[in-house]
Amino acid sequence: MVSAEQIKVSRLLEGAKRLQVPLFQRPYSWERPEWQQLWDDIVRLAHERRRLGANETHFIGPVVLAPAPMNSAALPSFIVVDGQTAAHNHHAVIGSDSRSP
């Protein structure tokens, strides 16, 4: 059975899990202009949240996961069926050190 739900990026990326991107997925291709647009969106959202309250959100697009065939209870694994760029980018932003240039 397939189910869908809207969740926050932090929930997608929290906890110990393995996200596997199959080799047939298109290669990662973001460069500086795309990263700049994402950063501008994050900054704009932060300003809007301060001005309007904490209800403002940013839609990153769908991320579709399927349980990996060789799944382990100790480290759940999922295949990224769609949304690998969104998952990667937001993981990089969340994991980055904001003091870095």
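**Chatting through a predicted model**

Colleague: Let's start with asparagine 71: which residues does it touch, not counting those up to four places away in sequence?
Modeller: Keep in mind that this is a predicted model. Asparagine 71 sits in the loop between strand 2 and strand 3 (77–82). Once residues up to four places away in sequence are set aside, asparagine 71 touches Pro76 and Ser77.

Colleague: Is asparagine 71 buried, partly exposed or exposed?
Modeller: Its relative accessibility comes out at 37%. Buried needs under 20% and exposed needs over 50%, so asparagine 71 counts as partly exposed.

Colleague: What separates the C-alpha atoms of asparagine 71 and arginine 18?
Modeller: Along the chain, these two are 53 residues apart. In space, their C-alpha atoms are separated by 9.4 Å.

Colleague: And glutamine 25, is that one buried or exposed?
Modeller: Glutamine 25 is also a loop residue, between strand 1 (18–20) and helix 2. Leaving out neighbours within four places in sequence, glutamine 25 has contacts with Val80, Val81, Asp82 and Gln84. The cut-off for buried is under 20%, and glutamine 25 has 15% relative accessibility, so it counts as buried.

Colleague: On to the largest pocket: how much space lies in it, and which residues are the closest to its centre?
Modeller: The space in the largest pocket is about 1,300 Å³. Its lining takes in 32 residues, and the closest to the centre are Ile7, Lys8, Val9, Leu12 and Ile60.

Colleague: Which elements give two or more residues to that lining, and how many of the lining residues are nonpolar?
Modeller: The elements are helix 1 (9–13), helix 2 (32–52), strand 2 (64–67) and helix 3 (84–95). By class, the lining has six charged residues, seven polar ones and, for the count you're after, 19 nonpolar.

Technical notes. Residues are numbered from 1 along each chain as its sequence is written. This is a predicted model: local features need pLDDT of at least 70, side-chain atom pairs count only at pLDDT 80 or more; totals for chains, interfaces and linings use all residues. Side-chain values use heavy atoms; hydrogens and water are left out. On a 1 Å grid over the protein atoms alone, a cavity is a set of points where a 1.4 Å probe fits but cannot get out, and a pocket is an open set with protein on both sides within 12 Å along at least five of seven lines; lining residues have an atom within 4 Å of a point. Grid points are joined across faces, edges and corners, and a volume is the space filled by probe spheres set on the points. Helices (H or I, at least four residues) and strands (E, at least two) are DSSP runs, numbered from the N terminus. Ala, Val, Leu, Ile, Met, Phe, Trp, Tyr, Cys and Pro count as nonpolar, Asp, Glu, Lys and Arg as charged, and the others, Gly among them, as polar. Buried means under 20% relative accessible area, exposed over 50%, partly exposed in between (1.4 Å probe, protein chains only). Contact means heavy atoms within 4.5 Å.
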